[in-house]
Structures are given as structure tokens and as C-alpha cells.
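Visitor: I am new to this structure and would like a close look at a single part of it. Could you take me slowly through one open space and the pieces that surround it?

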Amino acid sequence: MGMKISVLYLGRMEFPKFRLVQWEDEEEMIKSPAVALLIQHPTLGNILYDTGNCHEHQELYTPDMLHNYPVVECISVKEALAAKGLTPDDIDQIIISHLHFDHAAGLKDFVGTKAIRNVLVSEADLKEAWFSVTTGNGGAYIRSLFDLEGIRFKTINEDTWLAEDFGLFVQKSHTPGVIGLILKTEKSGTILTTSDTIYTRDSYDQGIPPGGTINKTTDEFFDNLERVKKMEKELDAQLLFGHDFQQIQEWAAKGWIE
Ligand SMILES: [Zn+2]
């Protein structure tokens, strides 16, 4: 029996599109979903990839974040797991694509569970997160969201296979190390997740680089884009993007999101 994948929709942010991708029209708005994956794997156990926003965003996020990327709908990862009959205690390992607020804010739901002692991130992103928050230039990182009681990070520097059907690849774009997944499923073929190195299908198909102030250059975006396109072809894979509302709706319509 293979793994079972559930895409967890954790609500959304809404803001002008130019803050996500390079875009002329400053009025056009975009819906930006927060997404997590639950992978129920026969040998690795229950793995959670990303944890979305949290209900306490008004208190915990910076005024800049709340202003630029307002959370208009929030479903906590704990609530999304409960809808599947699971609790944080049922999760064996957490993989965080990168420690930005909209991916890490649900980590605190796992304090006191086995999963908080088993949080996998890229070494480069963890260093960037700590450096940012301890030098007063947090950017999209918030210390209180990941500096949690009992947390133990496991880090990777390079592409790593946790099982023969479960791979991780480290992308040097968006942050110094964003983890994408390679999931070889029986039911839906191979799925590649990009997280925020590629936000949307449009960005991928049309090569639209990220907007806003988070990404310093577009070179990394295009280098990574080329690599992901190559992987897509070699693995005959389907892609899941970082913040694509339309894709989440399409996947839900196909019954891929339970
Ligand atoms: Zn994000």
C-alpha cells in the first residue's frame, strides 16, 4: 500500500497581486491560499508539510505583514487535522518548506507532541531565519513562531530521500533553502511541490518572477525555474505551487483535496 496525500486548505491572504509577482496593474488583487500537505506514509508515518497561518496573527505578526499580506480567512492546521479525525499527537514528523510566517505559524500547535522534536528544515533557511530575527531585520520570519518550547530541528543541505517514494529537494530561491517534495504516488503519479520558489501556475508557465521585496534578484528564480522544469519532465510530474488559489480549487473539484 502506498502513501495517501491530503492537501489541507488553511485559508487565505488577499492583497495586491504585485506584492506576489511582478505585475503592472497595482489595483489588481490576488487570493493567496495557505496550504499544507498531510502525507500518510506506510513506513514514515504521518508527515505534515507546512503549517499555514494561525488565529493569533493579529497579535503575533508585524504591522507590515498584516498590512501587506492580510489574512482574511484562517483555518488552523489543528482544525484541518481535526476535520480528518487527527490531532497534533498523531503527527510523526513536520517538514517546513521555509520558516516564513505563513508556513510556520501552526508549529506552536505541536508543542508538547513528538512532532515538535522532529521538525525538518533546510540548514540554510534555518540560519537565515535566526540571523534575520536576531539582527532586527526579520523580513517574513517571526521568532515567536519557531523559537518554541522543546523544538528540535533536523536539517538537510542537499536533496534527500526519506523513502524510495518520498524525496526532498532544496531550492536556492525565495530564501537560501526552500524544501520541495517529490512524492511518487500510486494513485496520482509523481507530485512535485515547489512551495514559494514558484507561487502560481501562471508564474511557472509564463516565467513571471516574484514581486514585493522578499526576493533580492530574479536570477535565482529563473535558475530554479529551469531546474524544476527539468525535474517535471524527467519525473513526468504534476506540480503543486506555493500560493495558487485557482489550483487549489481545481484540485478540490477533481476530488484530490478531501
Ligand atoms: Zn508563503
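Guide: What follows is a walk through one pocket and then through the strands, rings and cavity that share elements with it.

The model is a predicted one, and our starting point is its second largest pocket, which has a volume of about 380 Å³. There are 21 residues lining this pocket, and those closest to its centre are Thr200, Arg201, Asp244, Gln246 and Gln247. Sorted by class, the lining is made up of eight nonpolar, six polar and seven charged residues. Four elements each supply at least two residues of this lining, namely strand 2 (29-41), helix 7 (201-206), strand 12 (237-241) and helix 9 (245-253). Helix 9 provides the largest share, with five residues.

Helix 9 also takes part in a contact between rings, for Phe245 in this helix is paired with Tyr9 in strand 1 (residues 4-16), and the two partners, 236 residues apart, link distant parts of the chain. The centres of the Tyr9 and Phe245 rings lie 6.3 Å apart and their planes meet at 65 degrees, so the pair is edge-to-face. Phe245 counts as buried because its relative accessibility is 18%, under the 20% limit for that class, whereas Tyr9, at 22%, counts as partly exposed. Six aromatic pairs are found in the structure, and another edge-to-face pair is that of Phe221 and Phe222, whose ring centres are 5.0 Å apart with planes at 75 degrees. Within this second pair, Phe221 is buried at 2% relative accessibility, while Phe222, at 36%, is partly exposed.

Helix 7, which as we saw supplies at least two residues of the pocket lining, spans residues 201-206, and a ring in that stretch has a charge above it: the charged end of Lys229 sits over the ring of Tyr204, 4.6 Å from its centre. A similar arrangement involves Lys17, which lies over the face of Trp23 at 3.5 Å from the ring centre.

Strand 12 can be approached from the loop that comes between helix 8 (219-235) and this strand, where Asp236 lies. Asp236 is exposed, with a relative accessible area of 65%. Its C-alpha atom is separated by 9.7 Å from that of Leu192, which is 44 residues apart from Asp236 along the chain.

Strand 12 and strand 2 then lead from the open pocket to an enclosed space, since both of them, together with strand 11 (190-195), supply at least two residues each to the lining of the second largest cavity. The structure holds two cavities of 30 Å³ or more, and the second largest contains about 90 Å³ of space. Strand 2 gives the most to its lining, with three residues. Among the lining residues are Val35, Ala36, Leu37, Tyr49, Asp50 and His103, and also Thr193, Ser195, Leu240, Phe241 and Gly242. By class, the cavity lining divides into six nonpolar, four polar and one charged residue.

Strand 2 has a further role as a partner of strand 3, to which it is joined by five bridges, the two strands running antiparallel. They form a hairpin with three residues between them, and His41 has Gly45 in strand 3 as its bridge partner. On strand 3 there is a second pairing, in the parallel sense, with strand 5 (residues 93-95) over three bridges, and here Leu48 stands opposite Ile94. Five of the five residues of strand 3 (residues 45-49) are buried, so this strand is largely enclosed by the rest of the structure.

A strand elsewhere in the chain can be described in the same way. Strand 9 (residues 166-173) is also largely enclosed, because seven of its eight residues are buried. Three bridges join strand 9 to strand 8 (residues 160-163) in the antiparallel sense, with Thr160 paired to Leu168, and a hairpin of two residues connects the two strands. Strand 9 also pairs antiparallel with strand 10 (residues 175-184), over seven bridges, and Ser173 stands opposite Thr175. The hairpin between strand 9 and strand 10 has one residue between them, and His174 in this turn has a positive phi of about 75 degrees.

How values were computed. Residues are numbered from 1 along each chain as its sequence is written. This is a predicted model: local features need pLDDT of at least 70, side-chain atom pairs count only at pLDDT 80 or more; totals for chains, interfaces and linings use all residues. Side-chain values use heavy atoms; hydrogens and water are left out. On a 1 Å grid over the protein atoms alone, a cavity is a set of points where a 1.4 Å probe fits but cannot get out, and a pocket is an open set with protein on both sides within 12 Å along at least five of seven lines; lining residues have an atom within 4 Å of a point. Grid points are joined across faces, edges and corners, and a volume is the space filled by probe spheres set on the points. Ala, Val, Leu, Ile, Met, Phe, Trp, Tyr, Cys and Pro count as nonpolar, Asp, Glu, Lys and Arg as charged, and the others, Gly among them, as polar. Rings of Phe, Tyr and Trp (its six-membered ring) pair if their centres lie within 6.5 Å; planes under 30 degrees apart count as stacked, over 60 as edge-to-face and the rest as tilted. Buried means under 20% relative accessible area, exposed over 50%, partly exposed in between (1.4 Å probe, protein chains only). A charge sits over a ring if NZ of Lys or CZ of Arg is within 6 Å of the ring centre and within 35 degrees of the ring normal. Two strands pair if DSSP finds at least two bridges between them.
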